[in-house]
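Here is a short briefing to read alongside the sequence and the 3D view. It starts with charged pairs and then moves on to the place where the chains meet.

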Protein chains: 2
Amino acid sequence: MLYIDREELESLSSRIFEALGLLPEDARASAEVLVAADAKGIRSHGTARLKRYADGLRAGIIKARAQPLVLQETPISLALDAQGGVGLSIGRNTMEKVISKAAETGVGVSSIRNSNHFGIAGYYAEMAARRDMIGIAMTNTAALGVPTNAREAAFGTNPIAFAAPSLDGKIFCLDMSTTAVTRGKIEVYEREGKPLPPGWAVGTDGLVSTDPVSLLEDMLHLRGGGLLPLGGDGEGGHKGYGLGVMVDILCAVASGGTFGRAVRDSEITSALVCHFFLAIRLDLFRPAEDFKKDMSRMLADLNSLRPAEGAERVYYAGQREKEVEEESRRRGIALEEGVWETLCTLAEDLGLSVKEKPRGP
Amino acid sequence: MLYIDREELESLSSRIFEALGLLPEDARASAEVLVAADAKGIRSHGTARLKRYADGLRAGIIKARAQPLVLQETPISLALDAQGGVGLSIGRNTMEKVISKAAETGVGVSSIRNSNHFGIAGYYAEMAARRDMIGIAMTNTAALGVPTNAREAAFGTNPIAFAAPSLDGKIFCLDMSTTAVTRGKIEVYEREGKPLPPGWAVGTDGLVSTDPVSLLEDMLHLRGGGLLPLGGDGEGGHKGYGLGVMVDILCAVASGGTFGRAVRDSEITSALVCHFFLAIRLDLFRPAEDFKKDMSRMLADLNSLRPAEGAERVYYAGQREKEVEEESRRRGIALEEGVWETLCTLAEDLGLSVKEKPRGP
């Protein structure tokens, strides 16, 4: 593990994005979203993904300078066509607009089609929470989730993020996929040669599969099978399946984008996807300070619950990530050596200079 | 099973509510919500519950004529104190107001404290969907759900309902608790003397329990243990736990009501609870007809998926309930004989006349 300064990592990522054709402000915004994921310890969605964005940009699948087209706008709403632009900066810019609308009217809502992978959904929800609003962010993704009773995938891992502020800058932030797990988790089990727990995935016959190797093969070649919805196989899974479709409706049916089975990743980059953002001002209901005082009571109460036998602590959503973020502030952002090397190679290919290798642990 | 005419069942339920002190229009609204659950085959939330509402009303815990107090109101929002009134009619009346606001401005949102059990959340979400809006309805409930890593309950079964319209009156309607199952399901296993599947509940030590008898005992006496969140024990459960807390935030922290462990059912009726409603006009994003055409394509595609080995059909959320509702229209609403008898006894106690027993199957 290397430990790298947040600003340094943001600056390098931003320079890479700019060299790939993004406008300077979009490059900075995109870098900030990516590095925020690393800082929170969500490394699957951090700078480790930069190579994949770069591949998409170089292939012209992600359009570096595409700016969103306004389809419809009211004082509270915004329907956009992202025209294949960069999901990270489009997400950030759109959530800014949604927050401005909410600041004026109380609520802001947006549905966006033809965008690209936007990183962690929680980033956008937290933007609203820091402004004394409830924030919601969603995106659809390539269809990997298999509906209850089916044998083929028809909805994405379709994450839902929800954030609400407490006192002292604390934020309750839920950021969850609506499938039982994501493909990344299956890949970890494949690398480690371990069987999957039941309740994560089904094979081409629609029955529970515990073999990560054949599962990933079948998913890759669209032979059927895939991830189970949150709630697992049988009855319980209808909840995750329903939530996944809900995300597809708000993101893609609302904006007129691509949904369901039609959303497919390419070999080099992620599929064109759709997003949904919502911000609601706390003081529509009561003074923001009163809301945050009750949030603080609630979060303290959750932390005070007696842990289960063998467990150490009871967390609330977003708490662990916040602790990692503070750790990152103290000692730098932890980055796998391989990720750093890929970033450096990418930078050098683009003719950028890179400072010396950051310090070890 | 008895089969009873929808209007007849509504009329009897409405007369009972009126005899219990409700205003005629509130009695009718409450009856309609309850009977809608029976018509959809969600019998746990239909007229089988009328006795429990009646007990609450007679004990003065549910206030028959309490009218909601407006705490804050804007053209898009409404914060209410229900003052202990009847959740069913308050839910219906409030969702009407939320829909009116959305009709004017595009979005309507409400958070309501100090209300009572409001029946099926899906009813309210569907009200919006029938008006070319996306509808969301939530309520918190008595704390029965145990957070990930904990050994005691701290959030309710906190249901989320989401509805969006398709063509031909079809509606996608998800209505789900955020715990793995509800207490009612545990009671069924207890009656049948069957062990619980793992992943539904934990005992007083916070570890998975499969014994419904000791579980219900411990839950009743607040000794600890309870229902697992959607996603089960371990990591996956943090999603259901997070969703349950999200519902608590939108319903109770927003309105200034009671949340978390403080929400407790009494022996005779349900706890004072809080609700949240949201309606978003489809045409904020695109013409409603275009939205519904895509919904229709999506739902048809889900229905066309190849079923898993041994499964017959792939449904979308709300489809089964809609089919039962059509069956109810054709042959009457199926009602257990015992439920009918309880209704008749209740009516007679209140000095109401009851028509002859409805026809059998």
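**Salt bridges and the chain A–chain B interface**

In this predicted model, the side chains of Arg92(A) and Glu32(A) form a salt bridge, with N and O 3.1 Å apart. Arg92(A) sits in helix α4 (residues 87-105) of chain A and Glu32(A) in helix α2 (residues 24-39) of chain A, so this pair ties together parts that are 60 residues apart in sequence. Side chains of opposite charge can pair in this way when their charged atoms come close.

**Charged and polar pairs**

- Over all chains, the count comes to 54 salt bridges.
- Six salt bridges are found across the interface of chain B and chain A.
- Arg151(A) also pairs with Glu309(B) in a salt bridge, and here the closest N and O atoms are 4.0 Å apart.
- Polar contacts add to the picture: 32 residue pairs make them across the interface of chain B and chain A, with both residues at pLDDT 80 or more.

**What chain B brings to the interface**

- The elements of chain B that give two or more residues to the side touching chain A include the strands β2 (69-74), β3 (77-81) and β4 (107-115), along with the helices α8 (237-255) and α9 (288-303).
- α8(B) provides the largest share of that side, with 13 residues.
- Sorted by class, the side of chain B that touches chain A holds 42 nonpolar, 19 polar and 17 charged residues.
- In contact terms, 78 residues of chain B meet 78 residues of chain A.
- Together the two chains bury about 6600 Å², and 66% of this is on carbon and sulfur atoms.

**A helix pair across the interface**

- The axes of helix α8 (residues 237-255) of chain A and α9(B) come within 11 Å and cross at roughly 145 degrees.
- The crossing of α8(A) past α9(B) is right-handed.
- From α8(A), the residues in this contact include Tyr241(A), Val245(A) and Ile249(A), while α9(B) contributes residues including Phe291(B), Met295(B) and Leu302(B).
- The residues of this contact divide into nine nonpolar, no polar and two charged.

Conventions
Residues numbered from 1 in each chain as written. Chains lettered and ligands numbered in written order. Predicted model: local features only at pLDDT ≥ 70, side-chain atom pairs only at ≥ 80, totals over all residues. Heavy atoms only, no water. Contact = heavy atoms within 4.5 Å. Buried area = accessible area lost by both parts, 1.4 Å probe. Polar contact = N/O pair within 3.5 Å; in protein donor to acceptor, adjacent residues only side chain to side chain. Helix = DSSP H or I, 4+ residues; strand = E, 2+ residues; numbered from the N terminus. Nonpolar A, V, L, I, M, F, W, Y, C, P; charged D, E, K, R; others polar. Axes fitted to C-alpha atoms, helices over the stretch in contact; angles between N-to-C directions. Left-handed = near helix turned anticlockwise from the far one by under 90°.
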